[in-house]
Amino acid sequence: MNKKLKLAVQKKGRLSEKSIGLLRNCGLEIENFQERLIVSASNFNLEVLFLRDDDIPEYVQENVAHIGIVGENVVLEKNLDVEIVKKLGFGRCTLSLAIPEKNKVTNIQDIQNKTIATSYPNIVRNYLNENGVEAKVIELNGSVEIAPSLGVADYICDLVSTGNTLKQNKLKKSFNILNSQAVLIKSKKLDNYDELKILYRKLLDRIESSLKAQKSKYIMMNVPKDSLKEIIKIIPSLKSPTILPLADENLLAVHAVIFEDKFWEINEELKQAGASGILSIPIENIIL
Ligand code: PRT
Ligand code: ZN
């Protein structure tokens, strides 16, 4: 029987759907995973293990799961012997120092001798050490944001995405300690297994092409023949654009793949140069 690559993802939480979404974008068929702990992809030698996010780095370190998808914050906090392979562009948040709204902290020295509650004691202690600041760190596993109002701590260090939770608890963000997002991690022992290494490389190629595609758009437009040179100069195409004839002999169709964030930047310029009917379409995968 063929060996299967084992990938650990969060069972139920903020990263679950996007992790499975990424795999599906890579063409993997993963059926109804809700109630099961292990599911096989029907068209790839892959088994998906559904775990609590905190356990994923350890499973990967021990090579029980060969690879995993988990927040970088968890990987750094656990500080285990795994390799971070790739940032995946979702689950973005910051680990930030937050203080009561009425307080003022202008630089890191202002937290000298204060008490900080956090679920990330290792990251916070490292940060304090690196900055030569002494502060007491209290580890809490949940509801960290109520610690200042209960008098348990002066400040907190917690994950923030929208900032709403801080506001609700009359706290404000002071500074960021870490920018985090979901990452792909890999067991260092995987390299000892040739068959699994090949599967891993195949999956990584697919993930990379799917991530590239998410950041890109396929654009199409009609341009007057006379403006073609000018228009091609404006388009920051990943490859040479495609030029197609149209029924109207004075016009040409131009197709190109560009980075998504460039679309609005060049839109006005294209119109001024005579382009019309500008369309942008999402791309599922790119293999350059
Ligand atoms: O059950 P399990 O242990 O697997 O899940 P969990 O409850 O420990 O983790 P989960 O699902 O909450 O988060 C998984 C990962 O998502 C985290 O490790 C981060 O990498 C990432 N992530 C992104 C976040 C947030 N954004 C986030 N906002 N994780 C937690 N939060 C929490 C934060 O702790 C705070 O309580 O959301 C609150 C703040 O959110 P805002 O939007 O009000 O700022
Ligand atoms: Zn967790």
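A residue counts as exposed when its relative accessible area is over 50%, and as buried when that area is under 20%, with partly exposed in between. By this cut-off Lys-170, at 59% relative accessibility, is exposed. The model discussed here is predicted.

Lys-170 sits in the loop that links helix 6 (164-168) to strand 10. Its phi is positive, about 55°, although the residue is not a glycine. Most residues other than glycine have a negative phi. Asn-113 is another non-glycine residue with a positive phi, here about 65°. Asn-113 belongs to the loop between strand 6 and strand 7, and its relative accessibility of 63% makes it exposed. A positive phi also occurs at a glycine: Gly-27, just after helix 1, has a value of about 85°.

From these loops the description moves to the strands. Strand 4 (residues 67-71) has five of its five residues buried, so the rest of the structure largely encloses it. One of its partners is strand 1 (residues 5-10), which pairs with strand 4 in the parallel sense over two bridges. Within this pairing, Leu-7 has Ile-67 of strand 4 as its bridge partner. Strand 4 also pairs with strand 11 (residues 182-187); these two run antiparallel and are joined by five bridges. Along this pairing Ile-67 stands opposite Lys-186 of strand 11, and Ile-69 stands opposite Leu-184.

Strand 11 pairs with strand 5 (residues 82-87) as well, again in the antiparallel sense and over five bridges. Here Leu-184 of strand 11 is the bridge partner of Lys-86. Strand 11 is itself mostly covered, with six of its six residues buried. Ala-182, Leu-184 and Lys-186 point one way from the strand, while Val-183, Ile-185 and Ser-187 point the other way. Both sets are buried, Lys-186 and Ser-187 included.

Ile-185 leads from the strands to the nonpolar interior. Among the 31 residues of the largest nonpolar core, Ile-185, Leu-97 and Ile-111 touch the most other members. The elements that give two or more residues to this core are strand 3 (46-51), helix 2 (56-61), helix 3 (72-78), strand 6 (93-100), helix 4 (121-130), strand 9 (155-160), strand 10 (171-180) and strand 11. Helix 4 supplies the largest share, four residues. A second core, of 30 residues, lies apart from this one and has Ile-20, Phe-50, Tyr-200 and Leu-211 among its members. With neighbours within four places in sequence left aside, the contacts of Ile-185 include Ile-56, Pro-57 and Val-60. Ile-185 is also in contact with Ile-67, Gly-68 and Val-70, and with Val-82, Glu-83, Ile-84 and Val-85, among others.

Helix 1 (residues 16-25) has a covered side and an open one. Its buried residues are Ser-16, Ser-19, Ile-20, Leu-22 and Leu-23. Viewed down the helix axis they fall within an arc of 150°, so they line one face of the helix. Strand 1, strand 3, strand 4 and helix 7 (194-214) are among the elements that cover these buried residues. Glu-17 and Lys-18, on the other side of helix 1, are exposed.

Thr-118 gives a view of another part of the chain. This residue is in strand 7 (residues 115-118) and is buried, with a relative accessible area of 0%. Leaving out residues up to four places away in sequence, Thr-118 touches Val-124, Val-137, Ile-138, Glu-139, Leu-140, Val-144 and Cys-157.

Glu-58, in helix 2, is partly exposed, with a relative accessible area of 48%. Glu-58 and Glu-145 are 87 residues apart in sequence, and their C-alpha atoms are 27 Å apart in space.

The last stop is a metal site. Asp-53 and Asp-54 coordinate the zinc ion (ligand 2) through OD atoms, at 2.1 Å. The site has four donor atoms, with angles of 74 to 174° among them, and is irregular. A tetrahedral site would need all angles to lie between 85 and 135 degrees. Of the two aspartates, Asp-54 counts as partly exposed because its relative accessibility is 29%.

Technical notes:
Residues are numbered from 1 along each chain as its sequence is written. Chains are lettered from A and ligands numbered from 1 in the order in which they are written. This is a predicted model: local features need pLDDT of at least 70, side-chain atom pairs count only at pLDDT 80 or more; totals for chains, interfaces and linings use all residues. Side-chain values use heavy atoms; hydrogens and water are left out. Buried means under 20% relative accessible area, exposed over 50%, partly exposed in between (1.4 Å probe, protein chains only). Two strands pair if DSSP finds at least two bridges between them. Donors are N, O and S atoms within 2.8 Å of the metal (3.2 Å for Na, K and Ca); water is not among the atoms, so sites may look incomplete. Four donors count as tetrahedral if all angles lie between 85 and 135 degrees; four count as square planar and six as octahedral if opposite donors are over 155 degrees apart and all others between 65 and 115; anything else is irregular. A nonpolar core is a set of buried Ala, Val, Leu, Ile, Met, Phe, Trp, Tyr and Cys residues joined through side-chain atoms within 4.5 Å. Contact means heavy atoms within 4.5 Å. The arc is that of the directions from the helix axis to the C-beta atoms.
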